[in-house]
Amino acid sequence: MIAHHRLRRTLWEGVRGICFDLGGTLVRTEAEPTTGQVAQVLGISLDEARAVMAHEAKRRRIGPGDLARELAAAFGRPALADPLTHVLERARQRAAEPELFEDAEPALTALRQRGFALFALTNSLGSSIPAEPPPAFRKLLDQVIYSAETGAVKPERAAFAAVEDASGLSPDRLLHVGDSPRADVAGAAAAGWHTAWLDRRMASVPPLATRTVRLHTLTTLPLLLPAGTTPARTTISETQ
């Protein structure tokens, strides 16, 4: 892992596109994430809930009520469909009105002004994709790529390939920034991307890819990238 104060500008000299995780990176999350709330309602472990969500619920679009009924039936608790629906509908509302971290908009604006293509890649519940892209995302990002639309979740290679296809950029031209050492850092590094770990909580250092840059704030990011890019931006249509 590379501390940002030791980073040489040449490390990211060829980067033309930057991809961000959403929850925990650009967007504030609730103290108890949706998957944890689902686990509490169902009376199952967080690991069980994560496994069932990653297997199906994050790989396809589905309405909150339909997903709630599927989950309730799968765990033999049909009477819990209504409270699950409430949890999932609230999650969809939050996704439609995301609360960005204070450092997100200034960093994205600076990078956009310098010509970088900007994306978000998120492991999203199919029930949480908003009907329309939130205004903040339309303003700041070229495209948000949801796992529920691609069928692939980070750290799978196919998730990162979806960004490559959308951007028209090769892995060596892409940088991924995220807060999960496994889903974001390890997944992007295995795909051949440049990587940055956003460690907002200043956690103990886990094993990371050797060329991963550790950041504590997005404010640092524009300082580590080239002053400008070649005019090779592609206009990208919204996914919705």
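How many aromatic pairs does the structure hold? In this predicted model, the structure holds 1 aromatic pair. The partners are Phe 160 and Trp 193, arranged edge-to-face with 5.3 Å from centre to centre and 75° between the planes. Phe 160 belongs to helix H8 (residues 157–167), while Trp 193 sits in the loop between helix H9 (181–190) and strand S6 (194–198), so the pair ties together parts that are 33 residues apart in sequence. Both Phe 160 and Trp 193 are buried. Another aromatic ring, that of Phe 101, has a charged neighbour: Arg 200 lies over the face of Phe 101, at 3.8 Å from the ring centre.

Stepping back to the whole chain, the protein has 10 helices and 7 strands. Of its 240 residues, 49% count as buried. The accessible surface comes to about 11200 Å², and carbon and sulfur atoms account for 52% of that surface. Among contacts with a sequence separation of 6 or more, 69% are between residues 24 or more positions apart.

The interior can be followed through its nonpolar cores. The largest nonpolar core has 33 residues, of which Trp 12, Ile 18 and Phe 20 touch the most other members. Helix H5 (residues 104–113) gives the most to this core, contributing 4 residues. A second core, separate from this one, has 17 residues, among them Ile 62, Ala 68, Leu 71 and Ala 72. For a closer look at Ile 18, its contacts beyond four places in sequence are Leu 111, Phe 116, Ala 117, Leu 118, Phe 119, Leu 175, Val 177 and Leu 225.

Helix H1 (residues 34–42) offers a good view of how a helix can be covered. Of its 9 residues, 7 are buried, and the helix is mostly covered. The buried residues are Thr 34, Thr 35, Gly 36, Gln 37, Val 38, Ala 39 and Leu 42. Their cover includes helix H2 (46–57), helix H3 (64–74) and helix H4 (81–96). Just after H1 comes Gly 43, with a positive phi of about 70°.

Strand S3 and the loop that follows are also worth a visit. Thr 122 lies in strand S3. Is Thr 122 buried or exposed? Thr 122 counts as buried because its relative accessibility is 10%, which falls under the 20% cut-off. Setting aside residues within four places in sequence, Thr 122 is in contact with Leu 22, Val 144, Ile 145, Tyr 146, Ser 147 and Lys 154. Ser 124 is placed in the loop between strand S3 (117–122) and helix H6. Ser 124, too, is buried, with a relative accessible area of 7%. Not counting residues up to four places away in sequence, Ser 124 touches Ala 57, Lys 58, Ile 129, Tyr 146, Ser 147 and Ala 148. Tyr 146 and Ser 147 thus appear among the contacts of Thr 122 and among those of Ser 124.

At the other end of this loop, Arg 138 lies in helix H6 (residues 135–140). With a relative accessibility of 42%, Arg 138 counts as partly exposed, because this value falls between the limits of 20% for buried and 50% for exposed. The side chain of Arg 138 reaches the backbone oxygen of Pro 133 at 2.4 Å.

Technical notes. Residues numbered from 1 in each chain as written. Predicted model: local features only at pLDDT ≥ 70, side-chain atom pairs only at ≥ 80, totals over all residues. Heavy atoms only, no water. Helix = DSSP H or I, 4+ residues; strand = E, 2+ residues; numbered from the N terminus. Buried < 20%, exposed > 50% of the residue type's maximum accessible area, 1.4 Å probe, protein only. Polar contact = N/O pair within 3.5 Å; in protein donor to acceptor, adjacent residues only side chain to side chain. Contact = heavy atoms within 4.5 Å. Core = buried A, V, L, I, M, F, W, Y, C linked by side-chain atoms within 4.5 Å. Areas by Shrake-Rupley, 256 points an atom, 1.4 Å probe, with all protein chains shown as cover. Phe/Tyr/Trp six-rings, centres within 6.5 Å; stacked < 30°, edge-to-face > 60°. Lys NZ or Arg CZ within 6 Å of the ring centre and 35° of its normal.
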